[in-house]
Amino acid sequence: MKKIVLTVVAAMAFAFSFAGTKAKNVDKRFDMSCDIYRLSEVLDLDEWQMDAVEEIQDNFSSEMQSLASVRGPKQRHMIHEAVRKDARQMKNVLNAKQFNAYMRILAVTLRNRRI
């Protein structure tokens with residue numbers, strides 16, 4: 001039970017860290033930038049993983065920001081593809097436990113932003 005509560009708290013903290021940044025002319029829902037240090041603490045990343053995750057997260061964030069201007073069913077498809085690409089890249093960097101935690105955090109974040 002304690003692990004579940006801690007996982008939920010970590011997921012909420014990570015999801016709220018996404019909301020802390022602001023960008024001009026970008027739909028706030030699509031601003032996926034986050035605090036890499038906080039993410040590394042939640043996922044217990046080593047130095048190599050932290051560098052790789054930071055690069056992957058930057059690419060994912062810029063890709064999602066570019067999708068803010070796309071409308072309609074094409075947007076949903078492109079978001080789905082961006083999330084799948086991010087998941088594939090993260091799976092290559094993280095171990096199974098870290099990957100599952102990351103996917104839970106990402107799912108909560110996307111659901112909270114109604115993406």
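Contact here means heavy atoms within 4.5 Å. With that in mind, welcome to a predicted model in which helix α2 (residues 36-43) meets both α3 and α5. Helix α3 also packs along α4, at a crossing of roughly 175 degrees, and these two helices each supply at least two residues to the lining of the largest cavity.

**Helix α2 with helix α5**

- On the α2 side, Leu39, Val42 and Leu43 make the contact, and they meet Gln98, Ala101, Tyr102 and Ile105 of α5.
- Six of the residues in this α2–α5 contact are nonpolar and one is polar, with no charged residue among them.
- The axes of α2 and α5 (residues 96-112) come within 10 Å and cross at roughly 130 degrees.
- That angle is why α2 counts as oblique to α5.

**Helix α2 with helix α3**

- Helix α3 spans residues 47-66, and its axis comes within 10 Å of that of α2, the two crossing at roughly 125 degrees.
- Because of this angle, α2 is oblique to α3.
- The crossing of α2 past α3 is right-handed.
- Four residues to look for in α2 are Ile36, Tyr37, Leu39 and Ser40, and their partners in α3 are Met50, Val53, Glu54 and Gln57.
- By class, this α2–α3 contact holds five nonpolar residues, two polar ones and one charged one.
- Leu39 is worth a second look: it touches α3 and also α5.

**Helix α3 with helix α4**

- The α3 and α4 axes come within 10 Å of each other, with a crossing angle of roughly 175 degrees.
- Since angles over 145 degrees count as roughly antiparallel, α3 is roughly antiparallel to α4.
- From α3, the contact draws on Trp48, Gln49, Ala52, Val53, Ile56, Gln57, Phe60, Glu63 and Met64.
- From α4, the contributors are Ile79, Ala82, Val83, Lys85, Asp86, Gln89, Met90 and Val93.
- Eleven nonpolar, three polar and three charged residues make up this α3–α4 contact.
- Val53 and Gln57 of α3 appear here as well as in the contact with α2.

**The cavity**

- The structure has one cavity of 30 Å³ or more.
- About 40 Å³ of space lies in the largest cavity.
- Its lining is formed by Ile56, Asn59, Phe60, Glu63, Ala82, Lys85, Asp86 and Gln89.
- Helices α3 and α4 (73-93) each supply at least two of these lining residues.
- The lining of the largest cavity divides into three nonpolar, two polar and three charged residues.
- Several lining residues, including Ile56, Phe60 and Asp86, also take part in the contact of α3 with α4.

Conventions. Residues are numbered from 1 along each chain as its sequence is written. This is a predicted model: local features need pLDDT of at least 70, side-chain atom pairs count only at pLDDT 80 or more; totals for chains, interfaces and linings use all residues. Side-chain values use heavy atoms; hydrogens and water are left out. Axes are lines fitted to C-alpha atoms, for helices over the stretch in contact, and angles run from 0 to 180 degrees between N-to-C directions. Angles under 35 degrees count as roughly parallel, over 145 as roughly antiparallel, 65 to 115 as roughly perpendicular and the rest as oblique. A crossing is left-handed if the near helix is turned anticlockwise from the far one by less than a right angle, and right-handed if clockwise. Ala, Val, Leu, Ile, Met, Phe, Trp, Tyr, Cys and Pro count as nonpolar, Asp, Glu, Lys and Arg as charged, and the others, Gly among them, as polar. On a 1 Å grid over the protein atoms alone, a cavity is a set of points where a 1.4 Å probe fits but cannot get out, and a pocket is an open set with protein on both sides within 12 Å along at least five of seven lines; lining residues have an atom within 4 Å of a point. Grid points are joined across faces, edges and corners, and a volume is the space filled by probe spheres set on the points.
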